[in-house]
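This report concerns a single protein chain and turns on one helix, its cysteines and its surface. The sequence and structure are shown here.

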Amino acid sequence: MSIANYFNQGFQRDIGKLQFSEVPQVLKDILNDKDLIQFGGRNWSKVDTDLKDIDVELRPMFVLCLFVLVATDQCMQTYFKQHYANWRAQTAYPKFGWIRFGL
């Protein structure tokens, strides 16, 4: 399977298998995103839990797609602020990270 086929088919299914955690309402308000959820934990401490339901042979593509997703989200939020809300509304992907003093 090509990475493009995986991203458009398998990744969309597999990302739903991650273990999500709620984000405090104050951060949802700051980021203006009422449906915000996250995964990962500090230093991706939940990696074993997050990847356990992803087929072993697909994990390298899954992690690569996650990287692209996170990098794109950060790039859009940093350099294309005027388009971020629209992009976020269309994708609604979870955030990667953990909460301490911020996301």
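A disulfide is defined as a pair of cysteine sulfur atoms within 2.5 Å. The model is predicted, so that local features need pLDDT of at least 70 and side-chain atom pairs count only at pLDDT 80 or more, while totals for chains, interfaces and linings use all residues. Residues are numbered from 1 along each chain as its sequence is written, and side-chain values use heavy atoms, with hydrogens and water left out.

**Cysteines**

By that criterion, the structure holds zero disulfides. The sulfur of Cys-65 has its closest cysteine sulfur in Cys-75, and the 17 Å between the two is too far for a bond. Cys-75 is likewise in no disulfide. Relative accessible area sorts residues into buried (under 20%), exposed (over 50%) and partly exposed (in between), using a 1.4 Å probe and protein chains only. Cys-65 is buried, because its relative accessible area is 4%. Cys-75 counts as partly exposed, at 32% relative accessibility.

**Helix H4**

Helices (H or I, at least four residues) and strands (E, at least two) are DSSP runs, numbered from the N terminus. Helix H4 covers residues 59-79. The expected span of a helix is 1.5 Å times one less than its number of residues. For the 21 residues of H4 this gives 30 Å, which agrees with the 30 Å between its end C-alpha atoms.

The buried residues of H4 are Met-61, Phe-62, Cys-65, Leu-66, Leu-69, Val-70, Asp-73 and Met-76. An α-helix has 3.6 residues a turn, so residues three or four places apart point the same way. With contact taken as heavy atoms within 4.5 Å, the buried residues of H4 pack against helices H1 (3-14), H3 (47-51) and H5 (81-91), and also against strands S2 (37-40) and S3 (95-97).

Other residues of H4 are partly exposed. Ala-71 lies in this helix and has a relative accessible area of 32%, which makes it partly exposed. The C-alpha atom of Ala-71 is 20 Å from that of Gln-19, a residue 52 positions away along the chain. Leu-64 is also found in H4, and its relative accessibility of 44% places it among the partly exposed residues. From Leu-64 to Gln-25 the C-alpha separation is 30 Å, with the two positions 39 residues apart in sequence numbering.

**Nonpolar surface patch**

Patches are made of residues with over 30% relative accessible area and no salt bridge, like charges being joined within 9 Å and nonpolar side chains (Val, Leu, Ile, Met, Phe, Trp, Tyr) within 5 Å. A salt bridge is a side-chain nitrogen of Lys or Arg within 4 Å of a carboxyl oxygen of Asp or Glu. Ile-3, Leu-64, Phe-67 and Val-68 form a nonpolar patch on the surface, and together they have about 380 Å² of accessible area. Helix H4 supplies the largest share of this patch, three residues.

**Loop residues with positive phi**

Most residues other than glycine have a negative phi. The table lists two residues with a positive value.

| Residue | Phi | Loop | Relative accessible area |
|---|---|---|---|
| Asn-43 | near 55° | between S2 and H3 | 73% |
| Ala-92 | near 55° | between H5 and S3 | 52% |

Asn-43 counts as exposed at its 73% relative accessibility. Ala-92 is exposed as well, because its relative accessible area is 52%.

Methods: Accessible areas come from the Shrake-Rupley method with a 1.4 Å probe; for residues, only the protein chains shown count as cover.
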